[in-house]
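Please work through the following exercises with the sequence and the three-dimensional model open beside you. Try each task yourself before you read the solution that follows.

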Amino acid sequence: MLNRFLAFLNKPSSIAPLSNLRVLFGFLMLWSTLRFVLYGWIETQYNEPIFHFSYFGFEWVSYPGPTWMYVLFALMILSSISIMLGLFYRVSAVIFFLSFTYVELIDLTNYLNHYYFVSLLAFMMIFLPAHKSFSIDSQRIKNNVATHVPYGFIFSVKLLLAIVYFYAGVAKLNHEWLIEALPLKIWLAPHTSLPLIGPFLDELWVAYLFSWFGAIYDLSIPFFLFSKKYRSLAFLAVVVFHITTWILFPIGMFPFIMIGLTTVFFSAETHLKIQAFFNKEKVAIQEKILYKPQNLSLLTGLFFLFFSFQILFPFRYLLYPGNLFWTEQGYRFSWRVMLMEKAGYAIFHVTDPDTGRSWELYPKDYLSPMQEKQMSTQPDMILQFAHFLEDSLKKQGISKPEIRAEVYVSLNGRGSQLFLDPNKDLTQIKDSFAPKNWILPLSNQ
């Protein structure tokens, strides 16, 4: 079985899907980065906030200051152009991965599933020989041309996309999504002004239709994309699904990224025709040149560990008690895309034990609106903010402040409920992978 799988991965395959993927990836990243800059989000999301929430384990990633933020985005723009053109590809892929991932790690507030996906794919691109055809590198460097690569390189990209889709479908197999049509029956109703479909969007049956179709689509689309017989219809479904979600929901570049990168499933013949369309010059028929990577065993082991992690890590939520959408322990990095409607409100109660004085602090006085919105429903962010307040108060001469949080949260249309134990002094709690027993249980109203 193992030998057959290795033979499957090592089977020579046209490099065209990989080189076209490189062009599309570079173009989409250039578009995304320019869009971020032009909308002024560097300022509003990074430069203006006085505090940035960190990822657990990545507290060492700090905000570098306004000038360096623009330097990081300039590096992303230049490296994405170089990736698209296939110019200094390996170096450009490393620079893009490091700069993009660093920016995303600066503030947990900005976490999105497709940012995580981009970081993963950018990491993989470092090791993919996507520059050995249809690139400037293949023209300027002697013996840097290949017409075929081991299929494993192309399969790895397909597998990552399949995991994203399939796990998003598995995440939808829950009572609220399938039986209650939540949160779609909340989200669709405000869009009744849309032409044609608008009048139907406040109908309950439409919310159920969207919920069930979304789950079936995510679970099945990878298998249809792998199928030669159904691939064309599957890609049409990909386009319709993602354009529909783009129209209905504010999810930015994610639909276009998924549409563009899903073209890697097209046949080699289709990709060669696409290249021929853009390259009008007649090209002499080349002999078959197979790229043979050095340290193949090491590379295979790296990708095995990479995909083992991607397959297992999303299931870590099983180690935690309580409702996942309520506690959010194990929620991130698990391809749970747009599954809940959650809103919260937090007040922090401070006591100076030396004087006995107590008062209240409000997040809006320290955080941006987006930071406050995200923090008010996520326990680890609430804890981080409490420690930020602790440090601020110590600088003001209060040696041992006690900070308790009064937080009310609403999940999927339920009434607001007390979220955290209001008697817990958050300054005495350190974040960890352990279950957060200071989160109060969800009451099913």
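**Exercise 1: a buried arginine**

Arg-231 counts as buried, with a relative accessibility of 13%, where buried means under 20% relative accessible area, exposed over 50% and partly exposed in between, for a 1.4 Å probe and protein chains only. The model is a predicted one, in which local features need pLDDT of at least 70 and side-chain atom pairs count only at pLDDT 80 or more, while totals for chains, interfaces and linings use all residues. Residues are numbered from 1 along each chain as its sequence is written, and side-chain values use heavy atoms, with hydrogens and water left out.

Task: Find the helix that holds Arg-231, and list the residues with which Arg-231 is in contact, leaving aside neighbours within four places in sequence.

Solution. Begin with the helix: Arg-231 is found in H12, residues 231-248, where helices (H or I, at least four residues) and strands (E, at least two) are DSSP runs numbered from the N terminus. Next, look for contacts, that is, heavy atoms within 4.5 Å: once neighbours within four places in sequence are left aside, Arg-231 touches Phe-224, Leu-225, Phe-226, Phe-265, Phe-266 and Ser-267. Finally, take one of these partners, Phe-265, which is 34 residues from Arg-231 in sequence, with 7.9 Å from C-alpha to C-alpha.

**Exercise 2: the two sides of a helix**

Task: Decide which residues of helix H14 (residues 268-278) are buried, and which exposed residues lie on the face turned away from them.

Solution. The buried residues of H14 are Ala-268, His-271 and Gln-275. Seen down the helix axis, these fall within an arc of 65°, so they line one face of H14; the arc is that of the directions from the helix axis to the C-beta atoms. A general rule helps here: an α-helix has 3.6 residues a turn, so residues three or four places apart point the same way. The face turned away from the buried side carries the exposed residues Glu-269, Lys-273 and Phe-277. Strand S1 (12-14) and helix H2 (16-38) are included in what covers the buried residues. One more residue can be added from the loop between helix H13 (254-261) and H14, where Thr-263 is placed: Thr-263 is buried at 13% relative accessible area, and, apart from neighbours within four places in sequence, is in contact with Leu-24, Phe-235 and His-271.

**Exercise 3: order in a sheet**

Task: Work out the order of the strands in the open sheet of 4 strands, and name the edge strands.

Solution. The order is S4-S3-S5-S6, with antiparallel pairing, and two strands pair if DSSP finds at least two bridges between them. The edge strands, each pairing on one side only, are S4 (357-361) and S6. Now follow the pairs one by one. S3 and S4 are joined by 5 bridges, and Phe-348 stands opposite Leu-361 in S4. S3 (residues 342-352) and S5 (residues 402-411) are joined by 10 bridges, with Ala-346 having Val-407 as its bridge partner in S5. S5 and S6 (residues 417-418) are joined by 2 bridges, and Val-409 stands opposite Gln-417 in S6. The hairpin of S5 and S6 has 5 residues between the strands, and Asn-412 there takes a positive phi near 50°.
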